[in-house]
Structures are given as structure tokens and as C-alpha cells.
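Reader: I have a model open and some terms to check. Can you take me through the reasoning behind them?

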Amino acid sequence: MSETRVALVLGGGGARGLAHIGILKALEKNNIPIHLIVGTSMGAFVGGFYTAGTGIALMEELALSVDRKFVAKMLAPSFSTSGLVNGERIRSYLEEFLGDLDIEQLRIPFSSVATDLTTGEEVIFSSGPLVDAIMASIAIPALFKPFRYHDRYLVDGGLVNPLPVSVAHRLGADVIIAVNVTPSPSKVGKPSKDQRVFRLNKTISTLRERLLLQVRKFDWKQIDENDPPEKEKDTVNSTLSDVAPPHLFQTLMQSIAVVETNLQTFQLSQWPADVLISPVIGGFNLLDFHRAKDVIDSGEEAANAALPHIRSAIERRTKKR
């Protein structure tokens, strides 16, 4: 009898995706087998490192070493007309640890998801250079230059599949553990399928048009180690005039989060996971990489709480084989 094949699906969410390290830490510690990892965006980043054989201890050490200056360095602007950041520094960072590994060489099968910017199609990397698979999946539109791969321009996979459970189904997984690190934006309803498709297309188009016009006006000094923390406001007594409007990057990230949350809800209704883990990461922003310890701890805590459900799902599936 063949072994029950367990897939771990890791969603995107910027710094919130560091929770995936805590998830992996808890699963490994409790001997939960993982036979396949599928990731989008930050999920592809963390999943790629893990499947390449990077130990959890080293992954955690690398995450904890990141501060605001490091983030600013990685996201230094290029002022290109196709994106604020060209991504070469991130690519160099990936190559430092992952070298020229191909996905076929990984110790655990791995797939990442990207989006074809021209056609809107989902692009799945299950072979070829690992660094390319990660770079394509993390290329947030307008922030990063689209990633050119075999004459296609690819961007963040979250635009078509923010939590790619469907890919794990298609790859033949028996048990699917999915990790959602994109908290629902406040005051966002649950529109119908048609409304979701309309919002997705409209948001992508609008974001690109507006952001490219504002790229030279963006103040990158906002991402600085000496920036004071944002003043907490009384959400009950504050008036609109008391609240500063979100800056360009916040607007971009929140807009994409709205689209991805609605799309993810719809896709999970069509392609359910056996276990869905949602770490408590609502208090973390997409660039809070300097808060790695708290985010990783949140992931580990959520995974530990889900262990009985994970074991039960594996046991049920194994008995059916």
C-alpha cells in the first residue's frame, strides 16, 4: 500500500508569511510528514528554502536577522516604468543560499504559482530553476518589475491563486494542509463570483495605471530604521480629518489584500483543504519583517492547535486506501 501523500499549501502575505516558518517548525517537531509543498508569493519564498534543504533553525535565524534597514536595502527603488523595485538584490540574496538548484533536485517536490501579466493565466512552476520560480511568484505588480521568463512577463501568483489548494489537488495530494496568512480586510463583504471577477480585473488595471504615474513621487525614506511608530488612534472618537491617508505602498498592499481575500474565499469553496490553518497575524503589516519572532511564534502556535485535526485527517485518509 502506498503512503498517504500530504501536501502543505502556503499562501502569500508579505512579512506575515514568516508564520510559515513557525508552521513548518511545529509540523517537523511533531513528525507530520510532508510530501509536497505548493506556495504563492511569500509562501513560495519560504517553501522554496525549506524544500531545498535549508533547516528550520537556519531559516529562523535568517528571519530574525532582518531589520528595517535590510528591508529598505532589498526594496531600493529602480524608478523603472514597469515597477518600483527591479528585484536584483532579492535575486542575489536567493542565489546566495539556493545557488542554481533546479526544482527537480529538491528533497521535497515543490511548486510555485505566478500570474501571466498579459493573459491573466495561472503559471505553475514544478520544474526548472528554483530561484526563477520564487522570483516570478513574489513579483507584486507595480512594486516589482514583472519577471521575464521564456518571453512571458510574470507577476505575483496571488492575483490568480492566493492560496493554491487547487494546485495540490491537481498534483494528486491525499491530505491538504493549507496555511492562510492574509487576514480579511475590515469591512469587506463577500461578493458574488461575478463581482469578484469584476473587482479583480478592475483593481489590477487601476493599480497599475495610477502607480506608474506616481512612482517618482514615492518617498522611500518612509521605510527607515529611525521612523517613529505610527501613533495609535482611538477608532471610536477619531474623525476622518484626524486620520492621515495611507501612503502609496499601503494603498497598493491593502488593495491587493482585498482582491486576494475575496478570490481565496471563492476558490476554497471549490477546492477545500482538509485542514485550514489561519495564524493570528492581523496586527502585522506586510513589511513587518523586523517582527519576525512574533510572526513565527504565531505560526507555530496555530500549527500546534491544529495538530489533532491534521493527525485525524491523515488517519482517515490512510484507512480509506
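Reader: Why are α2 and α3 called oblique to each other?

Author: A note before the answer: this model is predicted. α2 and α3 pack at an angle of about 140°. Roughly antiparallel needs over 145, and roughly perpendicular runs from 65 to 115. The angle of α2 and α3 fits neither class, and they are therefore oblique.

Reader: What else describes the packing of α2 and α3?

Author: Their axes lie 10 Å apart. The crossing of α2 and α3 is right-handed.

Reader: Which residues of α2 and α3 meet?

Author: From α2 come Val 46, Phe 49 and Tyr 50. They meet Ile 56, Met 59 and Leu 62 of α3. Heavy atoms within 4.5 Å make a contact.

Reader: How do you know that the buried residues of α3 line one face?

Author: Start with the list. Helix α3 spans residues 56-64, and its buried residues are Ile 56, Met 59, Glu 60, Leu 62 and Ala 63. Down the axis of α3, these fall within an arc of 160°, so they line one face. In an α-helix, residues three or four places apart point the same way, because there are 3.6 residues a turn.

Reader: What makes Ala 57 and Glu 61 of α3 count as exposed, and where do they sit?

Author: Exposed means over 50% relative accessible area, and Ala 57 and Glu 61 are classed that way. They sit on the face of α3 turned away from its buried side.

Reader: What covers the buried residues of α3?

Author: The cover includes α1 (19-29), α2 (42-51), α5 (88-98) and α10 (292-320).

Terms used
Residues numbered from 1 in each chain as written. Predicted model: local features only at pLDDT ≥ 70, side-chain atom pairs only at ≥ 80, totals over all residues. Heavy atoms only, no water. Buried < 20%, exposed > 50% of the residue type's maximum accessible area, 1.4 Å probe, protein only. Helix = DSSP H or I, 4+ residues; strand = E, 2+ residues; numbered from the N terminus. Arc of directions from axis to C-beta. Axes fitted to C-alpha atoms, helices over the stretch in contact; angles between N-to-C directions. Parallel < 35°, antiparallel > 145°, perpendicular 65-115°, else oblique. Left-handed = near helix turned anticlockwise from the far one by under 90°.
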